[in-house]
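Please open the model in your viewer and keep the selection tool at hand. We will go from stop to stop, with something to pick at each one.

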Amino acid sequence: MSELRDGGPVATGTIGTALVAAEAATRDGARLASAIVCSGLTYRFGTHTAVDHVDLRIERGETFGLLGPNGAGKTTTIRMLTTLLRPMGGTISVLGVNVAERPMLVRRMIGYVPQLLSADATLTGRENVELFARLFDVPRSQRRDRVESALTAMGLTEPAGRLVKTYSGGMIRRLELAQALVNSPSLLVLDEPTVGLDPIARTDVWEYIAALRAQANMTVLMTTHYMDEADTYCNRVALMHAGSIRATGSPGLLKAMLGDGSTLDDVFRHYTGGTLDDNTESGGIRDVRRARRTARRLG
Ligand SMILES: Nc1ncnc2c1ncn2[C@@H]1O[C@H](COP(=O)(O)OP(=O)(O)O)[C@@H](O)[C@H]1O
Ligand SMILES: [Mg+2]
């Protein structure tokens, strides 16, 4: 952890200085700081420990999946990594920057798509992205270009002028990705990006994310309980259960460790106590219902 120099001098304020901060971690020819390093990460709600001493290291350019049944602690972990919750224990470094010390600097380097739908149905797609550009303090002179390229990257140029309440669920999810991208983030964090979508819309969303990642060499951290998505799109995954990380590795390695012919579903069951079906079922339906309620509100 010492190579991260969490306590080192870092300028604050702009995206440019965020890069300086990240580069500062690499002085003396050391390799670039990891995208995320957290150790001993802990969070409790009352007496319930939702996240229990989690250690994670995610390298730059990786697509990393945090997998686990409903209630495993994935969202709570993500919220700490994105500065939205202050950890009760442990440390986090994002691109070489200590999150506890410089949360604003970290916010400028990341794009975050939360679990629940967040676009405003009464605005057009373009207006939603413009709103985020202003929120993220994208300089006025760059705003128009950034908004258009985020919309283009997500295949939304054509419907950008329409009200969001006319969009399908898949289009809304892509719009939320465009909102997160307008910041030109180095790290994109997606919490259940495809929950509530039909299989075609799910594949579509993932193809856009994969293309983006290839193009911008972005690091992607996502949570999902769809094992097929994790298997196809993640370089590495971590299996989380009851607040703890039970296993970490590439899907291929984890399957091989379990034996010939194992699927990622088998890996999931093995490390989370055989709870995939039960929890995914109830969590899935609950999440879909919630997503549908939001969709109704939107529509
Ligand atoms: N705001 C909250 N208040 C109390 N308990 C919470 C709150 N948010 C989450 N929890 C509890 O913390 C645990 C982890 O939740 P969460 O991080 O949302 O899991 P996941 O995203 O893996 O489904 C669960 O037991 C959940 O009930
Ligand atoms: Mg969650």
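**First stop: where to be careful**

Start by selecting residues 1-18: this is a predicted model, and pLDDT stays under 50 over the whole of that stretch, for which the model has 29 contacts beyond four places in sequence. Now add residues 276-289, where pLDDT again stays under 50 and the model has 17 contacts beyond four places in sequence. Where pLDDT is low, the predicted coordinates should not be read in detail. You may like to colour both stretches grey before moving on. For the chain as a whole, the mean pLDDT is 83, and 81% of the residues reach 70 or more.

**Second stop: the whole chain**

Switch to a cartoon view and you can look for 11 helices and 10 strands. The chain has 299 residues, and buried ones make up 45% of them. If you draw contacts between residues at least 6 apart in sequence, 70% of those in the chain join residues at least 24 apart.

**Third stop: strand E8 and its partners**

Select residues 219-224, which form strand E8. How many of the residues of E8 are buried? The count is 6 of the 6, so the strand is largely enclosed by the rest of the structure. In a regular strand the side chains alternate between the two faces of the sheet. Here, show Thr219, Leu221 and Thr223 on one side, then Val220, Met222 and Thr224 on the other; all are buried, so both faces of E8 are covered.

Next, bring in the strands that pair with E8. Strand E3, residues 63-67, runs parallel to E8 with 5 bridges, and you can find Leu67 of that pairing opposite Thr224. Strand E7, residues 187-191, is also parallel to E8 and is joined to it by 5 bridges. For a landmark there, pick Leu188, whose bridge partner in E8 is Val220.

**Fourth stop: the ligand shell**

Centre the view on ligand 1 and select the residues around it: Phe45, Ala50, Gly68, Asn70, Gly71, Ala72, Gly73, Lys74, Thr75 and Thr76. Which classes of residue make up this shell? There are 3 nonpolar, 6 polar and 1 charged. Helix H2, residues 74-81, gives the most to the shell, with 3 residues.

**Fifth stop: the open sheet by the helix**

Keep H2 in view, because the helix leads to the next selection: H2 lies across E1, E2 and strand E4 (89-94), and runs at about 120° to E1. These strands belong to an open sheet of 4 strands with antiparallel pairing, in the order E2-E1-E4-E5. Strand E2 (48-58) and strand E5 (97-98) stand at the edges with a single partner strand each, so one side of each is left without a neighbour in the sheet. Zoom in on E1, residues 36-45, which pairs with E2 over 7 bridges in the antiparallel sense. Among the residues to label there is Arg44, with Thr49 as its bridge partner in E2.

**Last stop: Ala133**

Finish by selecting Ala133 in helix H4, residues 125-135. Is Ala133 buried or exposed? Ala133 counts as buried, because it has 22 C-beta neighbours inside 10 Å. Beyond its neighbours within four places in sequence, Ala133 is in contact with Val138, Arg143, Arg146, Val147 and Val182. To close, draw a distance between the C-alpha atoms of Ala133 and Val147: these residues are 14 apart along the chain, and the separation is 7.2 Å.

Definitions and conventions: Residues numbered from 1 in each chain as written. Chains lettered and ligands numbered in written order. Predicted model: local features only at pLDDT ≥ 70, side-chain atom pairs only at ≥ 80, totals over all residues. Near = placed C-beta within 6 Å. Helix = DSSP H or I, 4+ residues; strand = E, 2+ residues; numbered from the N terminus. Nonpolar A, V, L, I, M, F, W, Y, C, P; charged D, E, K, R; others polar. Pairing = 2+ DSSP bridges. Contact = placed C-beta atoms within 7 Å. Axes fitted to C-alpha atoms, helices over the stretch in contact; angles between N-to-C directions. Buried ≥ 20, exposed ≤ 12 C-beta atoms within 10 Å, placed from the backbone. pLDDT = per-residue confidence, 0-100.
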